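Here's a quick briefing to read with the structure open beside you. It covers two helix pairs and one ligand site.

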Amino acid sequence: MEAKTLFDKIWDAHVVSEIEGGPSAIYIDCHLIHEVTSPQAFAGIEKRGVPVFRPDQTFATPDHNVPTENQHLPIQDALSKFQVDKLTENCEKHGVSLYGLNHPYQGVVHVVGPQLGLTQPGMTIVCGDSHTSTHGAFGAIAFGIGTSEVEMVLASQCIMQPKPKKMRITVNGDLGAGVTAKDLVLYIISKVTAGGGTGYFIEYAGSAFEKLSMEGRMTVCNMSIEMGARGGLIAPDETTFEYVRGRENAPKGADFDRAVEEWRKLKTDDGAVFDKELEFDAADIEPMITYGTNPGMGTKIKSSIPALSEIEKSEQESFQKSMNYMGFSDGDVLVGKPIDYVFVGSCTNGRIEDLREVAAFVKGKQKAENITAWIVPGSKQVEKQAQEEGLVEVLEEAGFKLRQPGCSACLAMNDDKVPKGKYAVSTSNRNFEGRQGPGSRTLLASPLTAAAVAVAGKIVDPREPVNV
Ligand SMILES: CC(C)[C@H](C(=O)O)[C@@H](O)C(=O)O
Ligand code: SF4
C-alpha cells in the first residue's frame, strides 16, 4: 500500500468530489464561527433562501469585539455591539449553538473548541479566522477561511480547496529550562521566515513536539499561519487522547475507546514523501523575542538585532522601515530595553497552562512601576479555573490587571489598545504595525518571558534572576 502522510489520510477521508487538476470539495466536520467574519455569510444564505445545512456541527462564540471589562453591562462601542448582537440573532434564527457573552463557555474561539472537545483527531475544522490552524494540534486538518467560504460551509458543510503542498518540520531533543513551546515556534518562524511556509500544510514531528502538552502543541500550530502556511498539524498520541477524554463533546465510554483505536492510525507512514523537509535541533533553541513588524523577525533574547549588512539587499528597505516603526536600530542589544505594557492572553497563549506559568513566576514579586500588565484568560472556563486554582489572587497581588475573556489587545478591535509609541511584550501571535493599537509597538514572546519582563520593567532573559 502507498505510504501516506497524516495530512493525506485525513484529506482523503473527507473528499466529496475531485476536479481533475482543480480544487476538491472537502466535507467539514466542525465549523466554528465568530462575530467578525459571519454576518455577511448569514446574510448571503438568507438572500439565497438556503438554510444552514448542519447547524449541529456549527458553533459560535463572540471574541474579537467583546469588551474585557464589565461584560455584564451593555456593550458601549456601537459597532462592537452590532456585531455581537448580530451573531446572537443569526445563531438563534438558524439553530446554531452559541456561547454568547456571559455564557460559561464563551471565549476566544480557538480556546473554546478544544476545551469543549469539539476539536478531535482526524477531523476537518474551519473557521473564518486565520488562527484556526490551532486545532491542528489534535491531528486535525484545520484552517482559516474567508467570509464567502463561511457562507459556502453554512450552506453545504463543504468547501472547495486546492490540495496544499506538504512540509514536515522535525525537531528532536529536549527544550532547555525556561524554553517553551512559544520559543520553539518563534525560533522555527525566524528560520523559515514569515513567508516561507506559503502554499504548504506543515506537519510538526519529532520528540520536541511529542513532549509538549496539548496547550504547547496548540501554541505551535496556532502560529503556523505566521509562516504563511495554510495550517499545521501534529500526530495525535496518548497526550492528545487524555486531553480529549471526558470533554463535553468527546465520545464517551466504549465509543471513546473505539475512537481512540481509529485515532491511533492517524500518523504519517514510514516512507511517505513530503514536498519539503526541514530539521532543527531543540538544543539550539533559547527564549525568543521579536524585534520587528512580522513574526519572522525574531531572535534569541540574548542576541542583538541583526546589523543591516547581515540583511539581504532586497530586504534592507523593509527592514529599515520596520526598525523606524519600532524605534530600534540595527545591531541593538535587546536585553535592557524598557517596556511599557505586558499582555498575556490570546489564542496563542491565553490558556490555563500559560496563566499558571506566569503566576508561578510572579508569585511573591511585583510588576515594575513602568509596566501596565494585563492578563486576559482565553475563555470563561480558563478564567474560572484560574480563580479556583488561586492564580488570580497571585497575579493581582503582583500588580497584574485581570480582564475578562476575549481577543483583547491581541488585535485591538475592542477597547484594549496599547497607546501610540508604547512598547508591549505580548504573548500573542502578530506584531504587525498598529496591531495592538495605532502606533503601538509589539514584541512577541512566551508567557514566561512576559512575566519576567513585567517584573523587571525591561527586556530580560527569563532564565536569569530578575535584577530590578
Ligand atoms: C478578525 C479575524 C478575521 C483575524 C484573522 O483571520 O486571524 C483575527 O483573528 C486576527 O488574528 O488577525
Ligand atoms: S486572539 Fe488574536 S489571533 Fe486569536 S483569534 Fe483573536 S485576534 Fe485572532
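How are H6 and H8 oriented relative to each other, roughly parallel or roughly antiparallel? They're roughly parallel to each other (angles under 35 degrees count as roughly parallel, over 145 as roughly antiparallel, 65 to 115 as roughly perpendicular, the rest as oblique). This is a predicted model, in which local features need pLDDT of at least 70, side-chain atom pairs count only at pLDDT 80 or more, and totals for chains, interfaces and linings use all residues. Residues are numbered from 1 along each chain as its sequence is written, while chains are lettered from A and ligands numbered from 1 in the order in which they are written.

**H6 and H8**
- The axes (lines fitted to C-alpha atoms over the stretch in contact, angles running from 0 to 180 degrees between N-to-C directions) of H6 (residues 181-192) and H8 (residues 214-222) come within 8 Å and cross at roughly 20 degrees.
- Helices here are DSSP runs (H or I, at least four residues), numbered from the N terminus.
- Ala181, Lys182, Leu184 and Val185 of H6 meet Gly216, Thr219 and Val220 of H8 (contact: C-beta atoms, placed from the backbone, within 7 Å).

**H13 and H16**
- H13 (residues 352-362) packs with H16 (residues 447-456) at about 35 degrees, the axes 9 Å apart.
- On H13, the contact residues include Phe361 and Asp354; on H16, they include Leu448 and Val455.

**Ligand 2**
- Around ligand 2 sit 13 residues (C-beta atom, placed from the backbone, within 6 Å), and the closest are Ser346, Cys347, Cys407, Cys410 and Leu411.
- Domain 1 (6-163) and domain 3 (288-459) each supply at least three residues of this shell, with bounds from an automatic or database domain assignment.

Conventions
Helix = DSSP H or I, 4+ residues; strand = E, 2+ residues; numbered from the N terminus. Contact = placed C-beta atoms within 7 Å.
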